[in-house]
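Hi,

Here's the structure I said I'd send over. Have a look at it first, and then my notes on the pockets and one helix pair are below.

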Amino acid sequence: MASNLLFPTLMLTAGIGIPVMAALNSHLGAKLGSSALATALLFFVGFALSAAFLLKTEGLPTSIFRANIPWYFYLGGLLVAFYVLSVTWVAPQYGVGNAISFVLLGQLIAISLIDHYGLLGAQQSLLDGKRLVGLAMMIVGVFLVIKRSA
């Protein structure tokens, strides 16, 4: 029952955090003169917080790599690094809103495919007509939000 309110609230908050993080890190990268340095600092702070949380809540893990976990499940960090590096570099030049709008468009396409086919262990949820209309409306919304410069 708690997940009916907790999960959407937590994910909404995480969603709000993505453009805030993009704005903060893109400005940090611009002021430091290095998108890579800003990204490394972001990951250092994130690692320190994640490690402290892990140690506080679960203690020191006994193993990290397990034979029953496919190797590609460990590649999420590559995608996060690509996202943070690219948004840190692009946002100061293209605008945080424009950059995140295209991130959202990519997410919409990816979630549709992942859910429809049940990829990567996700719960399968077929892309029926109703979901296609909702997806199309969101895609149109993304393009309406993008600010084009003259």
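By class, the lining of the largest pocket splits into 20 nonpolar residues, five polar and no charged ones. Keep in mind that this is a predicted model. The volume of that largest pocket comes out at about 780 Å³. Its lining has 25 residues, and the closest to the centre are Gly 76, Leu 79, Val 80, Tyr 83 and Gln 107. Four elements each give two or more residues to this lining: helix 1 (3–32), helix 2 (35–57), helix 3 (76–94) and helix 4 (96–117). Helix 3 gives the most, with nine residues.

Then there's the second largest pocket, at about 250 Å³. Leu 42, Phe 43, Gly 46, Phe 47, Ser 50, Ile 64 and Val 80 line it. Here helix 2 has the largest share of the lining, with five residues. There are no charged residues in this lining either; the split is five nonpolar and two polar. Val 80 is worth a click, since it turns up in the lining of both pockets.

Now for the helix pair. How do helix 3 and helix 4 sit relative to each other? Their axes come within 7 Å and cross at roughly 140 degrees. Antiparallel would need an angle over 145 degrees, so the two helices count as oblique to each other. On the helix 3 side, the contact is made by Tyr 83, Val 87, Val 90, Ala 91 and Tyr 94. They meet Val 96, Asn 98, Ala 99, Ile 100, Phe 102 and Val 103 in helix 4. That contact has 10 nonpolar residues, one polar and no charged.

Cheers

Notes
Residues are numbered from 1 along each chain as its sequence is written. This is a predicted model: local features need pLDDT of at least 70, side-chain atom pairs count only at pLDDT 80 or more; totals for chains, interfaces and linings use all residues. Side-chain values use heavy atoms; hydrogens and water are left out. On a 1 Å grid over the protein atoms alone, a cavity is a set of points where a 1.4 Å probe fits but cannot get out, and a pocket is an open set with protein on both sides within 12 Å along at least five of seven lines; lining residues have an atom within 4 Å of a point. Grid points are joined across faces, edges and corners, and a volume is the space filled by probe spheres set on the points. Ala, Val, Leu, Ile, Met, Phe, Trp, Tyr, Cys and Pro count as nonpolar, Asp, Glu, Lys and Arg as charged, and the others, Gly among them, as polar. Axes are lines fitted to C-alpha atoms, for helices over the stretch in contact, and angles run from 0 to 180 degrees between N-to-C directions. Angles under 35 degrees count as roughly parallel, over 145 as roughly antiparallel, 65 to 115 as roughly perpendicular and the rest as oblique. Contact means heavy atoms within 4.5 Å.
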